[in-house]
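Thanks for making the time this morning. I would like to take you through one structure, beginning with the ligand and then turning to a few individual residues.

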Amino acid sequence: EKQGYEHFMLKEIHEQPTVARRFLSDRLKQEEVKMPELEEIWQEDFEKVMITACGTAYYSGQVGRHIIEELARLPVDVEIASELRYKQNFIDEDTLVIVVSQSGETADTLAALEVAQKKGAKILALTNTASSSIARQSDAVVDIMAGPEIAVASTKAYLAMLLGFYLLGLKLAELRGTLSQSELSDYRREILKLPDRIESTLHRTEPQCQKLAETIVDYDSIFFIGRNLDYSLALEGALKLKEISYIHAESYPAGELKHGTLALVEEGVPVFALMTRGKLARKTLSNVEEVKARGGRVIAVASSQLMEERAEDEFYELIKLPVSNELWAGVIAVIPLQLTAYYAAKELDCSIDKPRNLAKSVTVE
Ligand code: M6R
């Protein structure tokens, strides 16, 4: 079953190029994004989008927010399902609600869906389980087709969720006319390069992440910083690490560091700095300097173009990513984060596929 891999998690990490190829070949045909499920429920008067989910699915929604806002110019809110269900919300008939769930059975996500449905919103489910309760109750279902995910820590489903958001973002842009035909086709062309880039990143960064993992496991706390989309990725990086290695990990928007967290950075503390977005990377680099000045060990996870003028020894470790379109960088950047979490947990001899206290599907509140 594990096909020679020591753990399901590692197998699922390695399945990601295949997952991406399968999903994209199903959805990107003849230079066209196929998203009939969205077209069927599409309303000209959609005024806003609400994304709701839990855990990793919620973090995929954080990426989705940036994608949809930038491409389709629609305001997007992202709410944790267990919060949304009990708070004042402004969902109405003009809201497109996107519910994200690998299992399709998460109790809080299902309850949030029902809250939104009562307000008359249209619900689109992004799920890995097309026969699930969440899929059944939604108006439209986009199957992310990642295949069964056994490890409690989600990897390939997260990647497929991001791809789902990329294509939803492009389709929404097409429906709203916010991008020109040539912009749309440039974006599509770049998306099609992703499976090969995912594959090469996996192979190139795996030994580097394995070595890195051995050096970070001695620390009690590890931080992840980034801005904008990179912050969304930082959230997932921290969750993956804490979930399976039990090392305390936290993510922060890089600009927030000096509003509190910097107090925790001292000699040797590892700080992952995510930098895939041009203009913002420069800003994050100034936060990197603040970390270095306090003796923190900076692990830069950055697109290679942005690091051309940087010396490797400026960082404790530099993980270079083959990224050309920065909007699509998420699926590339997450790979070294998953691998580092995996090898850190392995180094600490943790129960990787079934971490303590956690279940694959959370069907109770
Ligand atoms: O099945 P779902 O996508 O609804 O699950 C949501 C979370 O429980 C899940 O993503 C959890 O955070 C994972 N263990 C993270 O790796």
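Let me start with a polar contact: the side chain of S103 places an N or O atom 2.7 Å from an oxygen atom of the ligand. I should say at once that this is a predicted model, so please take every distance I quote as a value computed from predicted coordinates. There is a further contact to an oxygen atom of the ligand, in this case from a polar backbone atom of S154, at 2.9 Å. On the nitrogen side, a polar side-chain atom of E243 is found 2.4 Å from a nitrogen atom of the ligand. As for how much of the ligand is covered, it exposes 420 Å² when taken alone, and the protein buries 90% of that.

Moving outward to the shell, there are 13 residues around the ligand, and those that come nearest are S101, Q102, S103, T106 and E243. By character, the shell divides into seven polar, four nonpolar and two charged residues. Where do the residues of the shell come from, in terms of helices? Both α4, residues 55-72, and α11, residues 229-245, supply at least two of them, and the largest share, three residues, belongs to α4. The space that the ligand takes up is the largest pocket.

Let me now turn to backbone geometry, where two residues deserve a careful look. In general, most residues other than glycine have a negative phi. N228, however, has a positive phi of about 60 degrees although it is not a glycine, and its place is in the loop between β8 and α11. With a relative accessible area of 28%, N228 counts as partly exposed. D349 also has a positive phi of about 60 degrees without being a glycine, and it is found in the segment after α13. Is D349 buried or exposed? Its relative accessible area is 69%, and therefore it counts as exposed, the cut-off being over 50%.

Finally, two buried positions. F224 lies in strand β8, residues 221-226, and it is classed as buried because its relative accessible area is 2%, which is under 20%. From C-alpha to C-alpha, F224 and A300 are 9.9 Å apart in space, while 76 residues separate them in sequence. Q338 belongs to helix α13, residues 330-347, and at 1% relative accessibility it is buried as well. Q338 and L74 are 264 residues apart in sequence, and their C-alpha atoms are 31 Å apart in space.

Technical notes
Residues are numbered from 1 along each chain as its sequence is written. This is a predicted model: local features need pLDDT of at least 70, side-chain atom pairs count only at pLDDT 80 or more; totals for chains, interfaces and linings use all residues. Side-chain values use heavy atoms; hydrogens and water are left out. A residue is near a molecule or strand if one of its heavy atoms lies within 4 Å of it. A polar contact is a pair of N or O atoms within 3.5 Å; within protein, one must be able to donate a hydrogen and the other to accept it, and residues adjacent in sequence count only if both atoms are side-chain atoms. Accessible areas come from the Shrake-Rupley method with a 1.4 Å probe; for residues, only the protein chains shown count as cover. On a 1 Å grid over the protein atoms alone, a cavity is a set of points where a 1.4 Å probe fits but cannot get out, and a pocket is an open set with protein on both sides within 12 Å along at least five of seven lines; lining residues have an atom within 4 Å of a point. A molecule sits in a cavity or pocket if more than half of its atoms lie within 2 Å of its grid points. Helices (H or I, at least four residues) and strands (E, at least two) are DSSP runs, numbered from the N terminus. Ala, Val, Leu, Ile, Met, Phe, Trp, Tyr, Cys and Pro count as nonpolar, Asp, Glu, Lys and Arg as charged, and the others, Gly among them, as polar. Buried means under 20% relative accessible area, exposed over 50%, partly exposed in between (1.4 Å probe, protein chains only).
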